[in-house]
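Colleague: Can you take me through this one? I would like to start with the charged side chains and then move on to the strands.

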Amino acid sequence: MIKNVYDLIIIGAGPAGLNASLYASRYGLKNVVVGALGGLVSQIHEIGNWLGSPEISGLNFVDNSTKHVKKFGAEILTYLVDEIKKNEDGTFNVLLSDGSKLNSKTILIATGSKHRKLGAVGEKEFLGKGVSYCATCDGFFYRNKVVGIVGGSDSAVSAAVFVGDIAEKVYLIYRGEKLRAENFWVMATERNKKIEIIYNTNIKEIKGEEKVSEVILDNIYQGSDLLKLDGVFIEIGFNPSTELVKDLGVLLDNEGYIKVENNGKTSVTGIWAAGDITTGSNKFKQIITAASEGAIAANSIQEYLRK
């Protein structure tokens, strides 16, 4: 049974999806946002590059954004989407995890990214038992303990700074020779004496009994390839979440990102995409670029519907 009919269904409730909804509502489009509020943004402990807010947590950012969107009348459903189906008349049916169906004239895919896996032995087995992909979520549990953080970009280095205020010792383990994070975060690690960086090294095995107790490195560090750790945070980037569009014929690039035109249109009529999932914004994965793509897509959608 069709639950409701919309001008636009936005799948994904991160910055791209929420900003698209804000613009769509202001254009007078009946729209609904479907997904977990905030996406990965809710896991960021501090956002310092959102214009007008020199310092704001990810949770507060999501709360403010949600209130802003709702003020203009948008509907938000915190369900998963099981399937998108295109009808013969060009409209779309969206099946939700609660069994209900929505119908819409257009679709915006803004499902963002998911954490990339390390592929180390023991990673899957110790998930939730010392292995985590979210320092903001789980860092509190490692007060006065020794942890390792894998990666060298903004997410890894900012996680090291965050956990460095909680843990006894933080090892930042990076396969490269130089960190790729913003200078702001690199300088923050240098100020915290509890953070030690291990370059040209990765974790090849995670070991323990009931929980993580040590890791095996692929390089010798201080005379051994074994490092005692109470926990491991894996922060090595993200992969686009494109599972929903693969059966719709939406074109992807060789890395799995949705190919979009400058206005967010995909290769399938009636479907747009925005945010970290696209080839737009030179794949510069930032809150501001995701929000911008959402606004641009909403503008294109209202022009399409008006015609």
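Colleague: Where do Asp-63 and Lys-67 lie?

Modeller: Both are in helix α2, which covers residues 58–71. They are 4 residues apart, about one turn of the helix. Keep in mind that this is a predicted model.

Colleague: What do the two side chains form with each other?

Modeller: Asp-63 and Lys-67 form a salt bridge, and their closest N and O atoms are 3.2 Å apart.

Colleague: Is Lys-67 buried or exposed?

Modeller: Lys-67 counts as exposed because its relative accessibility is 55%, and the cut-off for exposed is over 50%. Asp-63 has 36%, so it counts as partly exposed.

Colleague: How many salt bridges are there by this rule?

Modeller: The count is 7. One of them joins the side chains of Lys-169 and Glu-196, at 2.8 Å from N to O. That pair links distant parts of the chain: Lys-169 is in strand β10 and Glu-196 in strand β11, 27 residues apart.

Colleague: Which salt bridge partner does Lys-283 have at 2.4 Å?

Modeller: Glu-255. Lys-283 sits in the loop between β17 and α6, while Glu-255 sits in the loop between β16 and β17, so the salt bridge ties together parts that are 28 residues apart in sequence. Asp-253 belongs here too: salt bridges with shared partners join Asp-253, Glu-255 and Lys-283 into one network.

Colleague: Back to the strands. What is the order in the open sheet of 5 strands?

Modeller: The order is β8-β15-β9-β10-β11, and the pairing is parallel. β8 and β11 are at the edges with a single partner strand each, so one side of each has no neighbour in the sheet.

Colleague: How many bridges are there between β8 and β15?

Modeller: They pair over 2 bridges, in the parallel sense. Ser-132 stands opposite Phe-233, which is in β15.

Colleague: Now the surface. Which residues form a positive patch?

Modeller: Arg-116, Arg-175, Arg-180 and Lys-285. Arg-116 is in the loop between β7 and β8, and Arg-116 is partly exposed at a relative accessible area of 33%.

Colleague: And which ones form a negative patch?

Modeller: That patch is made of Asp-82, Glu-83, Asp-98 and Asp-247. Asp-98 is in the loop between β5 and β6. With a relative accessibility of 39%, Asp-98 counts as partly exposed.

Technical notes:
Residues are numbered from 1 along each chain as its sequence is written. This is a predicted model: local features need pLDDT of at least 70, side-chain atom pairs count only at pLDDT 80 or more; totals for chains, interfaces and linings use all residues. Side-chain values use heavy atoms; hydrogens and water are left out. Two strands pair if DSSP finds at least two bridges between them. Patches are made of residues with over 30% relative accessible area and no salt bridge: like charges are joined within 9 Å, nonpolar side chains (Val, Leu, Ile, Met, Phe, Trp, Tyr) within 5 Å. Accessible areas come from the Shrake-Rupley method with a 1.4 Å probe; for residues, only the protein chains shown count as cover. A salt bridge is a side-chain nitrogen of Lys or Arg within 4 Å of a carboxyl oxygen of Asp or Glu. Lys and Arg count as positive and Asp and Glu as negative; His and the chain ends are not counted. The place of a charge is taken as NZ of Lys, CZ of Arg, CG of Asp or CD of Glu. Buried means under 20% relative accessible area, exposed over 50%, partly exposed in between (1.4 Å probe, protein chains only).
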